[in-house]
Amino acid sequence: MRQSGCRWLHLDMMDGHFVPNLSFGPMVADALRPVSKELFFDCHLMVTDPRNYVKPLVTAGAQLITFHVEAAGEDSLNLLRYIRRQGIQAGISVRPKTPVSELKELLSSADLVLVMTVEPGFGGQKLIPSTLNKVRELVHLREEQALSYLIQVDGGIDPDTAPLAVAAGSDVLVAGSSVFRANKVRENVRALRKSLQGLR
Ligand code: ZN
């Protein structure tokens, strides 16, 4: 991945409960860490009990842990602070149907806000265009409140949608299917980068 010009490795962890699919847990992050030393480890928890994953992921070398406000609910603010106390960055995420207003109290304690641009749980879906309005809203709130969180989008990002996501104000693009397509990671990343030329 590093050779392809990617700087972050986004690890989607699913528990078969918060989302119907099951992927992998902290042990896989732990196994990947020694062979991905130069990559920033970005862990996205699509799980019902995100707090239980924090310590094992920190031990495995996670540098950012993002969890869903729909999963943590009232514990979200405490959980963001708990993650930061481990000496790493903390992110908060929303599913397509959850409005940004659910995050208002959390924004000043988050290093990153992840806007799901598809329903979480499965790869290969098409980006839901209305979710980019949330990116615009988050750009506006960040400016208004003089905050510094990064805005990340995840789901359906390819050379067609990446320019739209960046134009809306996204700072970090997560791409899965479009990067691994046909096992041509280097070419696919190049195509993504090319689609963004001239933007920002
Ligand atoms: Zn993800």
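Colleague: Why is the arrangement of the 4 donor atoms around the zinc ion irregular?

Modeller: Donors are N, O and S atoms within 2.8 Å of the metal (3.2 Å for Na, K and Ca), and sites may look incomplete as water is not among the atoms. Four donors count as tetrahedral if all angles lie between 85 and 135 degrees, and as square planar if opposite donors are over 155 degrees apart and all others between 65 and 115; anything else is irregular. Here the angles run from 91 to 157 degrees, so the arrangement is irregular. Keep in mind that this is a predicted model, in which local features need pLDDT of at least 70 and side-chain atom pairs pLDDT 80 or more, while totals for chains, interfaces and linings use all residues. Residues are numbered from 1 along each chain as its sequence is written, and side-chain values use heavy atoms, leaving out hydrogens and water.

Colleague: Which residues coordinate the zinc ion?

Modeller: Look for H10 (NE2), D12 (OD), H44 (ND1) and D154 (OD), sitting at 1.9 to 2.1 Å. Along the chain the donors are spaced H-x1-D-x31-H-x109-D. The pair H10 and D154 ties distant parts of the chain together: H10 is in strand β1 (residues 8-14) and D154 in strand β6 (residues 150-154), 144 residues apart. Strands here are DSSP runs of E with at least two residues, helices are runs of H or I with at least four, and both are numbered from the N terminus.

Colleague: Are H10 and D154 buried or exposed?

Modeller: Buried means under 20% relative accessible area, exposed over 50%, and partly exposed in between (1.4 Å probe, protein chains only). H10 is at 18%, so it is buried, and D154 is buried too, at 7%.

Colleague: What is the aromatic pair in this model?

Modeller: Rings of Phe, Tyr and Trp (its six-membered ring) pair if their centres lie within 6.5 Å; planes under 30 degrees apart are stacked, over 60 edge-to-face, the rest tilted. The count is 1 aromatic pair. W8 and F40 make it, tilted, with 4.4 Å centre to centre and 40 degrees between the planes. W8 is in strand β1 and F40 in strand β2, 32 residues apart, so this pair also links distant parts of the chain. W8 is partly exposed at 26%, whereas F40 is buried at 16%.

Colleague: How much space lies in the largest pocket?

Modeller: About 1300 Å³. Of the 49 lining residues, those closest to the centre are L173, V174, A175, V179 and L192. Strand β1 gives the largest share of the lining, 5 residues. Other elements that give two or more include β7 (172-174), α7 (177-180) and α8 (185-195). A pocket is an open set of 1 Å grid points that fit a 1.4 Å probe, with protein on both sides within 12 Å along at least five of seven lines; lining residues have an atom within 4 Å of a point. The volume is the space filled by probe spheres set on those points, joined across faces, edges and corners.

Colleague: Where does A146 lie?

Modeller: In the loop between α5 (132-144) and β6. Its phi is near 50 degrees, positive in a residue other than glycine, and A146 is exposed at 69%. N183, in the loop between α7 and α8, has a positive phi near 60 degrees and is exposed at 70%. For contrast, take I83 in helix α4 (residues 76-85), which is buried at 0%.

Methods:
Four donors count as tetrahedral if all angles lie between 85 and 135 degrees; four count as square planar and six as octahedral if opposite donors are over 155 degrees apart and all others between 65 and 115; anything else is irregular.
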